[in-house]
Amino acid sequence: MTSISTFDITKEPLLDLLRDIQQGKIQLVDFQRSWCWDEERIERVIASVSLGFPVGVVMLLQQGNPDVKFKSRLVESLNLSHPPVPTALILDGQQRLTSLFMSLLSDQPVRIDRGKSYPPEQRWYYIDIAQSLDYPHTNRQDAIWGLTVDKKLYRPGQPVLDCSTPKKEFELGLFPISQVFKFPQWRSQYCKYWHYDPQKLALIEEFEATVIKKFEHYQMGLFVLRADLPQEAICYIFEENNKRQCELTQFDLLTSSFASTDFGLRSDWIAREKRFSSHQVLRQLKSTDFLQAIALIANYARRVQAQQEGCHPERLPGVACNRQDVLRLELAQYQHWMEPISTAFEEVARFLHIQAIFDANDLPYPMQLVVMAPLFAILGERAKLDWVRQFLQQWFYCGAASGIYSRSREATAAKDLLEVPQWLNGGKVPSTVKEAHLSAERLQSLVNSQGATYRAIAALLRRDGALDFASGESITAARYFDEKIENHHIFPQQWCKRQGIPRSYYNSIINKTPLTAKTNKLLGGKAPSEYLAQLEGQGMSRQRIDEILRSHLIEPITLHKDDFEGFFELRTQVLLARINRAMGKGLAGESWPENGNGNGFHPKRFIDYYTPR
């Protein structure tokens, strides 16, 4: 009787499985995501195997079906000059198998993924022999140590743990995990080093029986998909088995959908990511962001075509970029738009640079990148016209400073992509521009330096020529990165605390401005009158000091007199005027509470230090 099952359930010795990986017999299907495990996960899987505990079932796909073609790649850290045709591909369990292969059999340090913001590191893993035998009183994971590439561990306030030679390993009683399957040789040297001391022999024998044998006899559970499965079924199985929220993205799922072609989505993105790396503001752009931008413009193009064909307005295709819209992308759509959108992202980076938004951490909302790229692609050369740029700046700051993009971001992006081009063609004002509003009360309440409105205002100050207090130089892109410019307190925190000024006021954006770290040290808890006098004592004229303060929208007399209340009132007004101008809004209709915001601060007069650029 012919079996109707599509898979076999079996188990295989871990060593045999890892050797097949080492020889290239087992490889990864290319649409698998890249290696991305951190140190804790690696230590946990090593600890589990050392105890003989299950680490989950691995899914393999048998090869041999001429109608099913998947591009494959070797497991992380493995380099073979002439890789063989694999007999099986890993569909699920990549991270576990890669961790075990690198730590147990590769004879290389294990590569540790630390996320986009940090470079990867490398570790050699060791297990403390005595501690491992103290299980369960000592957690097995606590007995596993990750040493740097030079086989050392630097611990604050403690001696360096040095395993750079076998002799030092023996003295410390630390066994290298990479020698698990070569244990007899290591044990022989260990015993010889300790002159066959009976206590050391008893210790190493117990360690072998309790820990090493667990590795040697470990059986890995396997689901093996049969080779006669059709390709679409394999993609479906992969998707269904990789829908863990923190594990898989639309990019991974779409990669599996493109797997039947010779087009490698992952390798294409890696090349584009490298291309974008020359623009710091695109530093944190994700593969899913890129796909959302393509989904937006593909849907927009489909809608425009339907309009041209006379489709009824109520039946026009929608424009969206949510998860399902991304997953509906076809390879032909991706290939058609991938280059125009890449070029558009680079144009967006240049546009943002002019706004003094130099780095990804300066960007108010990452979603604004996603909608700006297709918008710039739609506008083409028009996006370089001065009057168009003025409109785009207004729209950008309305979205950045008003909080509109803090809710329903994908829906807002889709709406803007429809409304902004119409606006530029003489149509209605976009909802984002029309509805944008920033009140004095909300402005004063901004304390989070990571907040969108906070970032927008900081960018405006940089863009409009804020000068450093001590050097008097403008905060250009070069100084921004070389001098570590951040938002610092104008009335220092310690001084404010001594005056009894509430934290919510002295931590407000009203009391912060972009300065170099060096200048911030100069301020160092002093009263403003004191650090200004110090600058004057160093040779800076009072006139120049006041000019620098005004470049930050600060009324100089309030600092010279240490008048926090007057400073807070006046800077609230001028900052509000500056951001409102960027949003294309006037101050008409701005409601000022009769008694301020309950803080006793009352607006008295309006000063705008803005000088047209």
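This passage walks through a predicted model, starting with the whole chain and then turning to selected helices, a pocket and a few individual residues.

The protein chain holds 27 helices and 14 strands. Of its 613 residues, 52% are buried. Contacts often reach across the sequence: when residues at least 6 apart in sequence are considered, 74% of the contacts between them join residues at least 24 apart.

A good place to begin is helix 13, which covers residues 331-354. From its first C-alpha to its last, this helix of 24 residues reaches 35 Å, close to the 34 Å expected at 1.5 Å a residue. Helix 13 nevertheless has a bend of about 40 degrees, placed at Met338. A proline, Pro340, follows Met338 within four residues. Just after the helix comes Ala356, with a positive phi of about 65 degrees.

Helix 19 (452-463) offers a second example. Its twelve residues reach 16 Å from first C-alpha to last, close to the 16 Å expected at 1.5 Å a residue. Helix 19 is mostly covered, with twelve of its twelve residues buried. Among them are Ala452, Tyr454, Ile457 and Leu460, and also the arginines Arg455, Arg462 and Arg463. After the helix comes Gly465, where phi is positive, near 95 degrees.

Helix 19 also takes part in the lining of the second largest pocket, to which it supplies at least two residues. This pocket has a volume of about 640 Å³. Its lining numbers 25 residues, and those closest to the centre of the pocket are Ser449, Ile485, Glu486, Asn487 and His488. Strand 13 (485-489) gives the largest share of the lining, five residues. Helix 20 (477-482), strand 14 (512-516) and helix 23 (517-523) each supply at least two residues as well. Sorted by class, the lining consists of eight nonpolar, ten polar and seven charged residues.

Ala452, in helix 19, leads on to Gly403. The two residues are 49 apart in sequence, and their C-alpha atoms are 7.2 Å apart in space. Gly403 sits in the loop between helix 15 (386-401) and helix 16 (409-424). Is this glycine buried or exposed? Gly403 counts as buried because its relative accessible area is 4%, under the 20% cut-off. Apart from neighbours within four places in sequence, Gly403 is in contact with Tyr365 and Arg442.

Several other loops contain backbone features that a newcomer may like to look up. The peptide bond from Tyr135 to Pro136 is cis, with omega near 10 degrees. Pro136 belongs to the loop between helix 4 (129-132) and strand 8 (144-147).

Two further loop residues have a positive phi without being glycine. For Lys151 the phi is near 60 degrees, and this lysine is found in the loop between strand 8 and strand 9 (152-153). With a relative accessible area of 24%, Lys151 is partly exposed. Leu553 has a positive phi of about 60 degrees and is found in the loop between helix 25 (542-551) and helix 26 (556-560). Leu553 is buried, with a relative accessible area of 2%.

Technical notes: Residues are numbered from 1 along each chain as its sequence is written. This is a predicted model: local features need pLDDT of at least 70, side-chain atom pairs count only at pLDDT 80 or more; totals for chains, interfaces and linings use all residues. Side-chain values use heavy atoms; hydrogens and water are left out. Buried means under 20% relative accessible area, exposed over 50%, partly exposed in between (1.4 Å probe, protein chains only). Contact means heavy atoms within 4.5 Å. On a 1 Å grid over the protein atoms alone, a cavity is a set of points where a 1.4 Å probe fits but cannot get out, and a pocket is an open set with protein on both sides within 12 Å along at least five of seven lines; lining residues have an atom within 4 Å of a point. Grid points are joined across faces, edges and corners, and a volume is the space filled by probe spheres set on the points. Ala, Val, Leu, Ile, Met, Phe, Trp, Tyr, Cys and Pro count as nonpolar, Asp, Glu, Lys and Arg as charged, and the others, Gly among them, as polar. The expected span of a helix is 1.5 Å times one less than its number of residues. The bend at a residue is the angle between axes fitted to the seven residues ending there and the seven starting there.
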